[in-house]
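Thanks, everyone. I'll keep this brisk. Have a look at the model first, then we'll walk through it.

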Amino acid sequence: MADPRGFLKVRDRELPARRPVPVRLMDWGEVYARREEDSAALTRQAGRCMDCGIPFCHNGCPLGNLIPEWNDLTRTGRWAEAIEALHATNNFPDFTGRLCPAPCESACVLGINQPAVTIKNIEQSIIDEAFERGLVTPQVPDRLTGSTVAVIGSGPAGLAAAQQLTRTGHTVAVYERDDAIGGLLRYGIPEFKMEKRHLDRRLEQMAAEGTRFRPGVAVGSDLTGTELLERYDAVVLAIGATVRRELPVPGRDLAGVHQAMDYLPQANRSSHGEYVPDQITAAGKDVVIIGGGDTGADCLGTALRQGATNVVQLEIMPRPPEERPPGQPWPTYPTLYRVSSAHEEGGRRVYATSTVELVGDERGRVSHLRVVEVTFTEGRLEQVPGTEQLIPAQLVLLAMGFTGVPTDGLVGQLGLEVDPRGRIVRDERFGTAQEPVFVAGDAGRGQSLIVWAIAEGRAAAAGVDAYLRGRTDLPAPITPDTVSLTV
Ligand SMILES: Cc1cc2nc3c(=O)[nH]c(=O)nc-3n(C[C@H](O)[C@H](O)[C@H](O)COP(=O)(O)OP(=O)(O)OC[C@H]3O[C@@H](n4cnc5c(N)ncnc54)[C@H](O)[C@@H]3O)c2cc1C
Ligand code: SF4
């Protein structure tokens, strides 16, 4: 039972303080420092949950997290029950609690006329507390089914599918072409958003449960599609949407112009103390990031930590409003002007601007971008005459998103259909026409979010289990067609 007067007694949102910008720019650690006084604020925030008759936050969360339940368990300090309720729907709240854009909060009923409950922070606090109290232990299956499953790709979708299937008793091997497990959690997302120790302790738990990890194996070349199907009873492709969107303008080939996903993995490695030969670095440079999304913000925070002289982030779309526009009412997840931790730290955001040329110096290195202001008229992009300008840059990072899966290699070998948006086509059980191949995560949904990847991994695991055993008790929070009111 929630505190019936909690939301009347505490009207404001309280979040843990972020570390001061000058301090956090000197290291790669997470921006929030855990402090003792936060626990009282956490209890107050959890007490603001109204335990609504229809908790719209459930629908806002792609995993269907049992938010009012664990809010009240947090308020009353029942940590063991809180983590049990949280894990019932989410394999990795340690990842979502740090990285999710929290569409649940946009759908919080309190948000109609008060600031929403700090759901995401409560989620993170439950899992952090649970690890500290030793409440997160391996869930080893009672018996093995004798069936084998290969999961290809070790991002959040692959890991969620693997954990669900291992716990059910199937023998699961996760293949990853990179030298370490984790997908974008490992080499895409910077340490300052999620320290990798959180990923590593989950992998320890999964290994203790029986999941086998095979890093450094590119399936499609080191192991062919045919070999895969000979060795395993079922296959889950969780290979992400890794084809990067390009910038087809003159000067694209100049030295100093890089894809964000060539830059961020190197920075991640180096922040873990690894030596990266010929590392792309922003130190001492004017940096321009093309793309205003998460990846662009990650480049910004990374460039500032590397000691960039100046950073500009370009976005082709107009600057979003700061308040909900009438066309995006509660409980939708509105497109708003958001300030991520990286944006607090420095740099300048420039909206409604398109790059028409990358200009080089006599040595073939990028020196400037020629940009122009743009407007959208009836959905058509138009350049505004007379607005051209040059922006200096010795490093240009392309963070314009991803266009889907590569159609050669494994996808081609398995004869899988790919739709015009670069997504592998699957049926309502997450299966493909090539039995027994299933698909989960960005590879099937298109470029998305961690919370969706986990939901996909859980649902695909239910599809695989039903295929292998003829029935399943595993939950499937979504179907491949599930779209959200939110993100
Ligand atoms: C820089 C960046 C920052 C982001 N930040 C956020 C954020 O803050 N919050 C959020 O919710 N989302 C964020 N996202 C999106 C989120 O990371 C993805 O939606 C999510 O990781 C998708 O999970 P996935 O498991 O489907 O694929 P991925 O995480 O992409 O993992 C796929 C894995 O498959 C491997 N693989 C591919 N082909 C093969 C093969 N043939 N053989 C073996 N292995 C293979 C790849 O190497 C990769 O490791 C971000 C994305 C990027 C790029
Ligand atoms: S996973 Fe994301 S949407 Fe779901 S409860 Fe957590 S923060 Fe909210």
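Start at Val219. One of its backbone N or O atoms lies 2.8 Å from a nitrogen atom of ligand 1. Keep in mind that this is a predicted model.

Two more backbone contacts go to oxygen atoms of the ligand. At Leu184, a backbone N or O atom sits 3.1 Å from an oxygen atom of ligand 1. At Asp442, a polar backbone atom is 2.9 Å from an oxygen atom of ligand 1. How much of the ligand does the protein bury? Alone, ligand 1 exposes 1000 Å², and the protein buries 95% of that.

Now the wider surroundings. There are 32 residues around ligand 1. The ones that come nearest are Leu99, Glu176, Lys193, Val219 and Asp442. Hold on to Lys193. We'll meet it again.

Next, the domains. The domain assignment splits the chain into three pieces. Domain 1 runs 6–132. Domain 2 comes in two segments, 148–242 and 403–469. Domain 3 does too, with 247–264 and 271–400. So much for the bounds; Val219, Leu184 and Lys193 fall in the 148–242 segment of domain 2, and Asp442 falls in its 403–469 segment.

Let's take domain 2 against domain 3. Their centres, over C-alpha atoms, are 30 Å apart. Ten residues of domain 2 and nine of domain 3 make the contact. The buried area between them is about 820 Å². Carbon and sulfur atoms give 55% of it.

Which three residues supply the most on the domain 2 side? Tyr187, Phe192 and Lys193. Together they supply 53% of the area that domain 2 buries against domain 3, more than any other three residues.

Here is Lys193 again. Its side chain meets that of Asp298 in a salt bridge, 2.9 Å from N to O. The count between domain 2 and domain 3 is one salt bridge. Across that interface there are also two residue pairs in polar contact. As for the side of domain 2 that touches domain 3, six residues are nonpolar, one is polar and three are charged.

To close, back to Lys193. It is among the residues that come nearest to ligand 1, and its side chain forms the salt bridge with Asp298.

Definitions and conventions
Residues numbered from 1 in each chain as written. Chains lettered and ligands numbered in written order. Predicted model: local features only at pLDDT ≥ 70, side-chain atom pairs only at ≥ 80, totals over all residues. Heavy atoms only, no water. Domains from an automatic or database assignment. Contact = heavy atoms within 4.5 Å. Buried area = accessible area lost by both parts, 1.4 Å probe. Salt bridge = Lys/Arg side-chain N within 4 Å of Asp/Glu carboxyl O. Polar contact = N/O pair within 3.5 Å; in protein donor to acceptor, adjacent residues only side chain to side chain. Nonpolar A, V, L, I, M, F, W, Y, C, P; charged D, E, K, R; others polar. Near = heavy atom within 4 Å. Areas by Shrake-Rupley, 256 points an atom, 1.4 Å probe, with all protein chains shown as cover.
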